[in-house]
Amino acid sequence: MSAPLIEARGVGISFGGVRALDDVSFAARSGEVFSIIGPNGAGKTTLFNIVSGLYRPDCGKVLLAGEDVTALPPHLLAARGLSRTFQNLQIFFRMTALENVMVGRHLHEERSLLPTLFRLPSVLRQNRATRERARELLAFVGLERRAEDPAGALPYGALKRLEIARALAAEPSVLLLDEPAAGCNAVETEEIDRLIVTIAERGTAVVLVEHDMKLVMRISTRILVLNHGRMLAEGSPAEVRANAEVIAAYLGRHAAEAAHAAG
Amino acid sequence: MDQLLQFVFSGLTVGAVYALVALGFTLIYNASDVINFAQGEFVMLGGMVTVFAYAAGVPLPLAALVAVVVAVATGLALHRFAIEPARGANAVTLIIITIGASILIRGIAQIVFDKQFHRFPAFSGEDPIALLGATILPQSLWVLGGAAVVVAGLWLFMEKTLLGKAVRATAANRLAARLVGIDTALVLALAFGVSGAIGALAGILVTPITLTSVTVGTLLALKGFAAAMLGGIGNPVGAVAGGLALGLLESLAAGFISSTYKDAVAFLVIIAVLFILPQGLFGTRAVERV
Amino acid sequence: MRLSARHATLLVLLAAFAALPFLLPSSFHLRVATLVWIQALAAVGLNLLMGLAGQVSLGHAGFFGIGAYAVALGPRHLGLDPLLSALVGLVVSGLLALVVGRPILRLRGHYLAVATLGLGILVWLVLNSEVALTGGPDGIQVPRLVLFGWRVAGAETWYWISGAFLLFGVWLALNLEDSPLGRALRALHDSEVAARVAGIDVARAKLLVFVIAAIYAAAAGSLLALFNRFITPQVADFLHSIELVTMVVIGGMGSTLGAIVGAAILTVLPQALTVFHDYEHAMLGLMIILFMIFLRQGIVPGLASLLPRRAVA
């Protein structure tokens with residue numbers, strides 16, 4: 001088995017008095033689709049935010065290709081091959097779809113100031129190359145016809161795919177997808193499904209946070225279940241599906257919620 | 001030692017004015033999240049309208065009343081015609097609008113009045129009173145006393161009256177306030193009107209000491225804002241404390257370091273607060289959620 | 001023929017620049033046009049900061065003042081040639097922006113606005129108070145620019161010089177917009193977190209555009225000082241900062257051409273209304289309010305949205 005491309009070891013964080021994550025570990029390898037599931041408030045997005053450098057954990061480590069990257073800011077993580085999408089869609093709404101993906105190419109562009117200011121041929125060539133690559137990525141996610149549309153005009157499902165295209169533009173070795181199918185209908189979810197599988201097949205390690213159980217069970221290589229910030233179970237889809245504690249946590253949670261709602 | 005006390009007296013006096021301007025800022029900021037740069041113009045109007053009304057023969061108390069009314073009307077107009085129509089705009093747009101309003105008010109004042117410095121007689125005489133080895137002007141006592149009355153009155157209003165509670169509710173959560181039936185439009189108008197009155201009072205009280213002209217508004221607004229930031233923006237107690245502290249700092253700096261750069265103190269305070277203590281002396285740290 | 005926004009801007013500017021001397025009746029009008037070019041240079045720089053990157057600066061006139069006083073004080077106190085002094089002004093302005101920019105640009109919203117405001121006023125205070133050095137509020141004479149024996153004088157000469165500088169500045173700005181840095185700035189304007197995650201060093205990008213904008217303003221300040229042969233601290237005051245912001249806003253944030261249109265309106269209007277000189281402030285204030293309420297996106301984007309949609313190359 002190859003070395004993991006991304007690893008979290010004993011990660012923990014508190015917000016005020018609440019221990020949002022406690023001793024959470026996972027590892028994802030090239031070509032794997034690693035899913036993180038759990039009830040709302042389990043700490044999934046918090047874990048993502050720690051791994052992608054937006055939060056600093058108060059204990060534990062994050063490793064990227066074996067290198068300790070725990071305290072690094074997001075743009076340095078991106079330079080080391082980590083990309084992510086956002087649950088609440090952080091799209092550049094005033095730019096076109098094409099330009100959104102072009103921004104994703106930033107790390108692969110030559111950025112010296114003087115050639116930029118004087119519009120040297122190298123900059124022109126690069127603009128063209130970036131534009132071409134962005135078009136290819138839009139085609140990959142099925143948005144090639146909306147390239148020149150302002151991102152603000154695109155429907156929700158399209159924006160989800162646009163974020164994936166933008167994240168892929170950086171040519172990441174690790175891709176974090178935060179609820180990529182949230183709010184999508186059955187057709188859109190299937191498209192996302194196929195995209196994720198293709199991305200993993202190309203060698204990227206995909207880490208997924210999702211609520212859509214069918215999607216998760218269908219495409220995941222391994223699954224981690226979080227509950228109240230702690231690891232509840234980890235294993236293959238079959239193992240997790242059969243795990244009594246997982247069943248209890250979800251059913252138990254449902255029962256408690258129903259009782260609470262009834263007053 | 002006497003010199004120090006002298007600086008303290010003058011510092012507290014001008015600090016009381018900053019405190020009132022800062023209080024006006026805080027009132028409007030709490031009710032509407034707007035940083036009102038026209039706040040200083042209310043002080044200017046208080047002084048200038050009184051000057052010109054008094055010069056036209058109106059008895060001083062009545063002239064002062066007219067000035068307060070003009071300032072209140074200006075505050076209400078500012079809210080109705082400049083802030084209301086831009087509801088929902090981002091913070092910076094609103095700041096620029098209030099800056100535009102302050103320039104407009106000053107521009108109109110320049111046409112109506114003139115560009116000179118003016119004053120009117122002090123309320124109870126011009127002879128300095130000896131106090132603890134230093135001297136203090138009677139008007140200074142008026143300023144400090146007047147500020148104390150305003151602060152106390154505002155506190156009573158906020159704590160003990162139903163309308164005051166409505167203002168506090170709106171400041172805490174505007175949507176929730178509307179949902180429980182509070183007329184938030186009225187509350188906002190009230191905030192602007194009362195801010196106008198407070199500013200005007202400050203201007204009226206301090207003019208016999210510092211003189212006034214149509215240009216005093218800008219610098220006062222900036223210093224009042226510095227005071228509000230020092231105390232913790234949104235906190236009324238902080239506004240008063242910040243104002244007095246700023247006045248003292250300015251006076252001491254002018255006395256012991258350099259009087260040319262007296263005005264720089266306020267801006268250095270702003271910079272210091274922003275980088276060292278963003279929440280000010282009494283404010284609470286806001287957590288930014290990703 | 002499809003015209004990209006970039007080419008359209010350059011063409012319009014070039015046409016106006018070339019045609020105006022033949023359309024304007026007197027040297028007074030040429031002088032006003034020169035003032036427009038100079039203010040526009042500062043506005044174009046500020047537009048990169050405010051319109052492109054979305055960072056507000058309410059103290060930009062401070063950098064303008066540094067450039068202006070550099071050419072006044074360099075020859076007088078350091079014996080430097082005015083041209084060299086102007087260069088020093090650019091460097092000082094850029095360095096100041098570099099040093100204060102890092103901490104200041106970490107702030108957002110009204111905190112950033114007030115910090116930049118404070119910075120601008122501090123610069124003005126120094127220029128106003130150091131009477132022995134700067135001549136204080138009464139102002140100071142600026143020596144004539146002499147380039148290799150040629151005495152630079154005359155309304156027409158300055159028209160061409162300042163226009164050339166503006167054209168150059170516009171060209172640089174347009175180049176910046178259509179580049180990785182330009183895209184990075186527009187991105188961080190819309191979503192800083194997504195920009196970071198895409199690999200953009202947001203702090204560095206903001207600082208870079210802040211320094212560039214400061215240098216534009218300093219260049220404009222130097223031009224004004226050399227053109228007028230006299231300056232006062234007023235060029236660095238709060239009102240001038242607000243005027244620059246207004247130019248960017250009413251012309252259209254994010255639009256280089258808009259910044260020039262805004263500069264034109266705010267420079268020409270007071271001149272046209274010299275009869276109503278007393279109404280200058282009131283008019284400026286009213287204009288700011290009306291534009292920010294009703295035409296927030298500015299004139300040029302407002303007009304552009306009326307045209308049939310054309311793709312940007």
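**View 1. Salt bridge between C:Lys206 and C:Glu192 in a predicted model.** The side chains of C:Lys206 and C:Glu192 meet in a salt bridge, with N and O 2.8 Å apart (a salt bridge is a side-chain nitrogen of Lys or Arg within 4 Å of a carboxyl oxygen of Asp or Glu). The pair links distant parts of the chain: C:Lys206 belongs to helix 10 (residues 202–228) of chain C and C:Glu192 to helix 9 (residues 192–197) of chain C, 14 residues apart. Helices (H or I, at least four residues) and strands (E, at least two) are DSSP runs, numbered from the N terminus. Both C:Lys206 and C:Glu192 are buried (buried means under 20% relative accessible area, exposed over 50%, partly exposed in between; 1.4 Å probe, protein chains only). Over all chains the structure holds 25 salt bridges.

The model is predicted: local features need pLDDT of at least 70, side-chain atom pairs count only at pLDDT 80 or more, and totals for chains, interfaces and linings use all residues. Residues are numbered from 1 along each chain as its sequence is written, chains are lettered from A and ligands numbered from 1 in the order in which they are written, and side-chain values use heavy atoms, with hydrogens and water left out.

**View 2. Salt bridges around A:Arg19.** A:Arg19 forms a salt bridge with A:Asp22, the closest N and O atoms being 3.1 Å apart. A:Arg19 also meets A:Asp58 in a salt bridge (3.3 Å, N to O). This second pair links distant parts of the chain, 39 residues apart: A:Arg19 is in strand 2 of chain A, whereas A:Asp58 is in the loop between helix 1 (44–51) and strand 4 (59–64) of chain A. With relative accessible areas of 31% for A:Arg19, 23% for A:Asp22 and 48% for A:Asp58, these residues count as partly exposed. Salt bridges that share partners join A:Arg19, A:Asp22, A:Asp58 and A:Arg230 into one network.

**View 3. The antiparallel sheet of chain A.** In chain A, 4 strands form an open sheet in the order 2-1-4-5, with antiparallel pairing (two strands pair if DSSP finds at least two bridges between them). Strand 2 (18–28) and strand 5 (67–68) of chain A stand at the edges with a single partner strand each, so one side of each is left without a neighbour in the sheet. Strand 1 (residues 6–15) of chain A pairs with strand 2 of chain A over 7 bridges in the antiparallel sense. In strand 2 of chain A, A:Val18 stands opposite A:Phe15.

**View 4. Strand 7 of chain A and its parallel partners.** Strand 7 (residues 174–178) of chain A is mostly covered, with 5 of its 5 residues buried. A:Val174, A:Leu176 and A:Asp178 lie on one side, and A:Leu175 and A:Leu177 on the other. In a regular strand the side chains alternate between the two faces of the sheet. Strand 7 of chain A pairs in the parallel sense with strand 6 of chain A over 3 bridges and with strand 8 (residues 205–209) of chain A over 5 bridges. A:Leu82 stands opposite A:Val174, and A:Asp178 stands opposite A:Val209 in strand 8 of chain A.

**View 5. Surroundings of A:Thr85.** A:Thr85 lies in the loop between strand 6 and helix 3 of chain A and counts as buried, at 3% relative accessibility. The side chain of A:Thr85 reaches the backbone nitrogen of A:Asp178 at 3.2 Å. Leaving aside neighbours within four places in sequence, residues in contact with A:Thr85 include A:Glu163, A:Ile164, A:Ala167 and A:Leu176 (contact means heavy atoms within 4.5 Å).

**View 6. Interface of chain A and chain C.** The contact takes 35 residues from chain A and 31 residues from chain C. The area buried between chain A and chain C is about 2,900 Å², of which carbon and sulfur atoms give 61% (buried area is the accessible area, 1.4 Å probe, that two parts lose on being put together, summed over both). A:His75, A:Leu117 and A:Arg119 lose the most area to chain C in chain A, together 20% of what that side buries. Between chain A and chain C there are 4 salt bridges; one of them joins C:Asp178 and A:Arg119, with the closest N and O atoms 3.2 Å apart.

**View 7. Interface of chain B and chain C.** Here 40 residues of chain B are in contact with 36 residues of chain C. About 3,300 Å² is buried between chain B and chain C, and carbon and sulfur atoms give 82% of this area. B:Ile96, B:Ile103 and B:Tyr261 lose the most area to chain C in chain B, together 17% of what that side buries. The rule finds 0 salt bridges across the interface of chain B and chain C.

How values were computed:
A polar contact is a pair of N or O atoms within 3.5 Å; within protein, one must be able to donate a hydrogen and the other to accept it, and residues adjacent in sequence count only if both atoms are side-chain atoms.
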